[in-house]
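Work through the exercises below with the sequence and the model open. Each task is followed by a solution in steps.

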Amino acid sequence: MTPLTIYKDSDADCTVVANLFIDEYMKDANDAQIKIYLYLLRMMNARRATSVSDIADKFNHTEKEVVRALKYWEKAHLLDLDFDEDKTLIGIHIRDLTEADSVRRQRRTAPSTFIPMPSVASEAAPQKEAPAAPAAEQEEAVPYKKKTYTAAQLREFSSRESISQLFFVASQYIGKPLSPAAMNSILFYKDVLHFSDDLIDYLIQYCVDRDKTDFKYIDKVAISWAEQGFSTPAEAERGSHRYEKSYYDIMKQLGRTSSPTPREADYITRWIKEYGYSNDIIFEACARTVLATDKNRFEYADRILRSWHEQKIRHLDDVAKADEQFQQKKHKAAPAKPQSGRFGQFTQNTYDFDALEKELLSN
């Protein structure tokens, strides 16, 4: 029987874009980078060749801007760039987004994901080895490597009560349902960083309180905590204060240029958290401390702020009133200055003349 050739008039007039790209990658890219990546998907699906100059003409960009955009996506591990011996770009390998974090930096030769450049050299591209990745980009140089879980694995994890509870708490903090990438991050904290559920809960709350809901930011904080060896929320709370700008500002007011020690951080935490003081009040106490002593400045400032807290002083105006009242009491309590001369040698008495007048009139 004669074999049949099956063909169609044209390819489907659509390009599929992964939700992961929209959820996690598109928001951090600029317009040129997004346009070029979508155009590459279009060319790949149509199995059509393109080039840097063609892309530049298409979007009215310079070739340098196109190359810069391609390198941006390469750095994000969404694609690999293939070069010949003359360092001429000859091919682009677009990665599967669900595997982008787990696949090594080596070029695939699968025809469905290879966009050839319109040159003779492109025919030899599949036989060429991809250039070795710089040492800084190899997995061995990454101390904490995120895993990427499939949709089926995420569903399986979500069926576990403890993981499901973490996902629920995180979504409540973030204020929206978690994306697959966000779920991957939470599993990364638990599986790779070995954070407890309480520490993960505090981590997300800590970032949200600072108006940081992007899991890329939360990932960086989590890795920083892991590197510092934090294993409980208390350790993270005590240690993370060392990196807040307000703590450094207070340190400077007390004449310190280094990071606060745990004991110094405890003082600052008390002033901010327990006493509820803003920087202007704390700075005023620091200024008075610096004028008064060169030693034990944290202890001295703490006595000032504790005294103000007990007097329910909340604003700088309250401080001024308290200073005025103190001066008035000090003036009243001061003994009369002895007069010079012979008669001034006697002890001076103070009398309540109003009381004396009443006593005289009553007689």
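**Exercise 1. Classify lysine 312 by its accessibility, and place it in the chain.**

Solution. Step 1: the relative accessible area of lysine 312 is 68%. Step 2: the classes are buried, under 20% relative accessible area, exposed, over 50%, and partly exposed in between, with a 1.4 Å probe and protein chains only. Lysine 312 is therefore exposed. Step 3: lysine 312 sits in the loop between H14 and helix H15 (316-333). Here helices (H or I, at least four residues) and strands (E, at least two) are DSSP runs, numbered from the N terminus. Step 4: lysine 312 has a positive phi of about 60°, although it is not a glycine.

The model is a predicted one, in which local features need pLDDT of at least 70 and side-chain atom pairs count only at pLDDT 80 or more, while totals for chains, interfaces and linings use all residues. Residues are numbered from 1 along each chain as its sequence is written, and side-chain values use heavy atoms, with hydrogens and water left out.

**Exercise 2. Describe asparagine 296 in the same way.**

Solution. Step 1: asparagine 296 belongs to the loop between helix H13 (279-292) and H14. Step 2: its relative accessibility is 56%, so asparagine 296 counts as exposed. Step 3: the phi of asparagine 296 is near 50°, a positive value in a residue other than glycine.

**Exercise 3. Check the length of helix H14 and find which residues of H14 are buried.**

Solution. Step 1: H14 covers residues 297-310, which is 14 residues. Step 2: the expected span of a helix is 1.5 Å times one less than its number of residues. For H14 this gives 20 Å, and the end C-alpha atoms are 20 Å apart, so the two agree. Step 3: the buried residues of H14 are Arg297, Phe298, Ala301, Asp302, Ile304, Leu305 and Trp308. Step 4: these residues cover an arc of only 165° around the axis, so they lie on the same side of H14. The arc is that of the directions from the helix axis to the C-beta atoms.

**Exercise 4. Which residues does phenylalanine 298 touch, not counting residues up to four places away in sequence?**

Solution. Step 1: phenylalanine 298 is in helix H14. Step 2: its relative accessibility is 3%, so phenylalanine 298 counts as buried. Step 3: with contact meaning heavy atoms within 4.5 Å, phenylalanine 298 touches Met251, Leu254, Arg256, Glu264, Tyr267, Ile268 and Trp271. Step 4: one of these, leucine 254, is 44 residues apart from phenylalanine 298 in sequence and 7.9 Å apart in space, C-alpha to C-alpha.

**Exercise 5. Compare the surroundings of asparagine 184 and tyrosine 189.**

Solution. Step 1: asparagine 184 is found in helix H7 (residues 180-191), and tyrosine 189 lies in H7. Step 2: asparagine 184 is buried at a relative accessible area of 8%, and tyrosine 189 counts as buried at 0%. Step 3: leaving aside neighbours within four places in sequence, asparagine 184 is in contact with Lys146, Lys147, Thr148, Tyr149 and Leu154. Step 4: not counting residues up to four places away, tyrosine 189 touches His194, Phe195, Ile200, Leu203, Phe215, Ile218, Asp219 and Ala222. Step 5: tyrosine 189 and tyrosine 144 are 45 residues apart in sequence, with their C-alpha atoms 9.8 Å apart.

**Exercise 6. How do strands S1 and S2 run, and how many bridges join them?**

Solution. Step 1: S1 (residues 79-83) and S2 run antiparallel and are joined by 5 bridges. Two strands pair if DSSP finds at least two bridges between them. Step 2: phenylalanine 83 has leucine 89 in S2 as its bridge partner. Step 3: S2 spans residues 89-94, and 6 of its 6 residues are buried.

**Exercise 7. Summarise the whole chain.**

Solution. Step 1: the chain has 16 helices and 3 strands. Step 2: of its 363 residues, 34% count as buried. Step 3: among contacts with a separation of 6 or more, 59% are between residues 24 or more positions apart. Step 4: a disulfide is a pair of cysteine sulfur atoms within 2.5 Å, and a search of the whole structure finds 0 disulfides.
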